[in-house]
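Work through the exercises below with the sequence and the 3D view side by side. Try each task on your own before reading its solution.

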Amino acid sequence: MGGSLWISHGATEAVFRGRSFITVLPLALLLPTVRVSGQLIGSPLDCHQTCVCASNIVSCSKMNLTNVPISLPQYTAVLDLSFNTITRLRAEWTPVPLGRLHSLLLSHNGLTFLSSEAFANVKKLQYLDLSSNCIRQLDEFIFEPLEHLEVLLLYSNRISQIDRTAFSGLNSLQRLYLSHNQISRFPLELVKERSRLDSLRLLDVSSNRIKALPLNELQALPAWITNGLYFHNNPLPCSCEVHEMVARWYLKELSSATDFRGSHTCVLPGQQKEKIAILDLNKVYLNCSEVTAVDKKAFLEQFLILDCDTRERNMTKSWVLPGNIPVPRANKTALMRTEDGSLQIGPLNVEDSGVYTCYATGESLNETLYVTVMVFNSTDNGGLENLKTAYTTLIGCLVSLVMVLIYLYLTPCRSACCPGQGLEKSDPRGSLRSSTVSISRAHAEAGQEGVEGGGFANKHGAFLQPKDLLEQNGRLNPIGEEDEEWQGDNRERRRSDAESVSSVCSDTPMVV
């Protein structure tokens, strides 16, 4: 009996052990689920062990948290979760709206994922720190609910892709830090006139992978934007265009150029990829032109608009004319424009040349800008008038040349030796003989007429001169002999006629 009883007792113990094992096993299986659920939801806020709660500030920094604590007070204004291991920021990280939360710090957490609805319950945020994480991309409209956000820190991540609408809706954003990432495209939409964030004062894209800048668009931006536009320490190729822009910003004393003068570098062409300071390109490399202050140049009767391009926006501005003369309200040639504080002058005279001064006063900065105006003593179309005068002179010269050619070659010839007047070109001797015979006949007819009319016989008809005239055209008269000589030997007379004919038919043109 005892043995049987012992067996029964052992069997009963074994049954109880089996039941307890079956009972404990489900509980053991449920424990990981609870732990996982805790990881997804987060542990309740503990202001004594894991966090420090001081009034409306909750600081849970460096507590090795993997999730955001739940049951946060609705009066929380500052929440510090930096230096933890929160790798994913889900939409349900705060199930209730935190209407008073204005600062959220999540730096140094290893964040790799941001839900598109992660900020739906914290719409009053003004300061968001997501720096020093592992974020790789920014999706579309991810920050759209944060219409009150003023400062956004995204530096020291791995961001390589930014959707063009990622920062849409951030109408109050003033400072955006994107340095030390892998960005290869300059986000021009953030500063371009029609699409830019109206309140943005600082954009830092330094220390990225940007190899090209929209230089024309950047140079057209006002100084209150370019003063806070930081793009240094990017692999930009060296060019004189980049040098000119940085040099002009340096002359204007913009903070983006003066604060990081040595960090504005570019890469020289070649295999070595040597870096050099951009402001040194005009000394050794590329031989870029030296950039100086730009003066305004104009002509008479033109109008000019002088910009008071200050480093801050919405400053109080006033202008002083050359000679330290304030701009009067009733001045017709100088008018200050109220929308941007610029000065319009014109129609210009030579007396308007000089230095115009703009005094700007702001809350934290006062500026004095000088603009030198030079008015030339001519109109803008003076070059066109000179060109017209040159063309008129040229046409006059051509017309004169044509008239001279017409006079020399197209005037009718009435001389006896002209072509077509009885001379034969084929035989020079025949031409001379025929000319002699024709002139002899002419002399005979002239002599008869002279005897009948009481004149002098034996004179050439073409050179009838008074008897006492010994010279003609500065030389001796070839036919000035006495009448008795012409009545001598017939051979001598013919020889004289032949000489006279040769003189008459010489190459010198004669006017009859």
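**Exercise 1. The largest pocket**

Which element gives the most to the lining of the largest pocket, and with how many residues?

Solution. Keep in mind throughout that this is a predicted model. Begin with the pocket itself, which has a volume of about 1500 Å³ and is lined by 46 residues. Lying nearest its centre are Lys252, Asp307, Cys308, Asp309 and Leu369. Next, look for the elements that give two or more residues to this lining, and you will find H2, H3, H4, S18 and S23. The element that gives the most is S23, with 7 residues. Finally, sort the lining of the largest pocket by class, which yields 18 nonpolar, 12 polar and 16 charged residues.

**Exercise 2. The strands that pair with S23**

Find the partners of strand S23 and state in which sense each pair runs.

Solution. Start with S22, which is joined to S23 by 8 bridges, the two strands running antiparallel. The connection between S22 and S23 is a hairpin of 4 residues. To place one position of this pairing, take threonine 357, which stands opposite tyrosine 370 in S23. Now turn to strand S16 (residues 296–299), which pairs with strand S23 (residues 366–376) in the parallel sense over 4 bridges. Here lysine 296 has valine 373 in S23 as its bridge partner.

**Exercise 3. A disulfide that reaches S22**

Describe the link between cysteine 308 and cysteine 358, and decide whether each of the two residues is buried or exposed.

Solution. The sulfur atoms of cysteine 308 and cysteine 358 are 1.9 Å apart, and since a disulfide is called when two cysteine sulfur atoms lie within 2.5 Å, the pair forms one. The angle about the S-S bond is -85°, so the link of cysteine 308 and cysteine 358 is left-handed. Locate the two ends next: cysteine 308 lies in the loop between strand S17 (304–306) and strand S18 (316–321), whereas cysteine 358 is in strand S22 (residues 354–361), so the pair ties together parts that are 50 residues apart in sequence. For the last step, recall that buried means under 20% relative accessible area. Cysteine 308 counts as buried because its relative accessibility is 5%, and cysteine 358 counts as buried because its value is 0%.

**Exercise 4. Two further disulfides**

Set the link of cysteine 47 and cysteine 53 beside the link of cysteine 238 and cysteine 266, taking distance, handedness and accessibility in turn.

Solution. The rule applied in the previous exercise gives a count of 5 disulfides for the structure. In the disulfide of cysteine 47 and cysteine 53, the sulfur atoms are 1.9 Å apart, while the disulfide of cysteine 238 and cysteine 266 has an S to S distance of 2.0 Å. As to handedness, the link of cysteine 47 and cysteine 53 is left-handed, with -70° about the S-S bond, whereas the link of cysteine 238 and cysteine 266 is right-handed, with 95°. The latter pair links distant parts of the chain, with cysteine 238 in the loop between strand S13 (229–230) and helix H4 (240–251) and cysteine 266 in strand S14 (residues 265–267), 28 residues apart. For accessibility, note that partly exposed covers the range between 20% and 50%. Cysteine 47 is therefore partly exposed, at 33%, and cysteine 53 is likewise partly exposed, at 32%. By contrast, both cysteine 238 and cysteine 266 are buried.

**Exercise 5. The core and an enclosed space**

Which residues have the most contacts inside the largest nonpolar core, and which residues line the second largest cavity?

Solution. The largest nonpolar core has 76 residues, and Phe143 and Phe167 are those with the most contacts inside it. Two or more residues come from each of helix H2 (215–219), helix H3 (223–226) and H4. Of these, H4 gives the most to this core, with 5 residues. Turning to enclosed space, the structure holds 2 cavities of 30 Å³ or more. The second largest cavity contains about 60 Å³ of space, and its lining consists of Leu190, Val191, Arg196, Leu197, Leu200, Arg201, Leu202, Leu203, Ile225, Gly228 and Leu229. Sorted by class, the lining of this second largest cavity has 8 nonpolar, 1 polar and 2 charged residues.

Definitions and conventions
Residues are numbered from 1 along each chain as its sequence is written. This is a predicted model: local features need pLDDT of at least 70, side-chain atom pairs count only at pLDDT 80 or more; totals for chains, interfaces and linings use all residues. Side-chain values use heavy atoms; hydrogens and water are left out. Buried means under 20% relative accessible area, exposed over 50%, partly exposed in between (1.4 Å probe, protein chains only). Two strands pair if DSSP finds at least two bridges between them. On a 1 Å grid over the protein atoms alone, a cavity is a set of points where a 1.4 Å probe fits but cannot get out, and a pocket is an open set with protein on both sides within 12 Å along at least five of seven lines; lining residues have an atom within 4 Å of a point. Grid points are joined across faces, edges and corners, and a volume is the space filled by probe spheres set on the points. Ala, Val, Leu, Ile, Met, Phe, Trp, Tyr, Cys and Pro count as nonpolar, Asp, Glu, Lys and Arg as charged, and the others, Gly among them, as polar. A nonpolar core is a set of buried Ala, Val, Leu, Ile, Met, Phe, Trp, Tyr and Cys residues joined through side-chain atoms within 4.5 Å.
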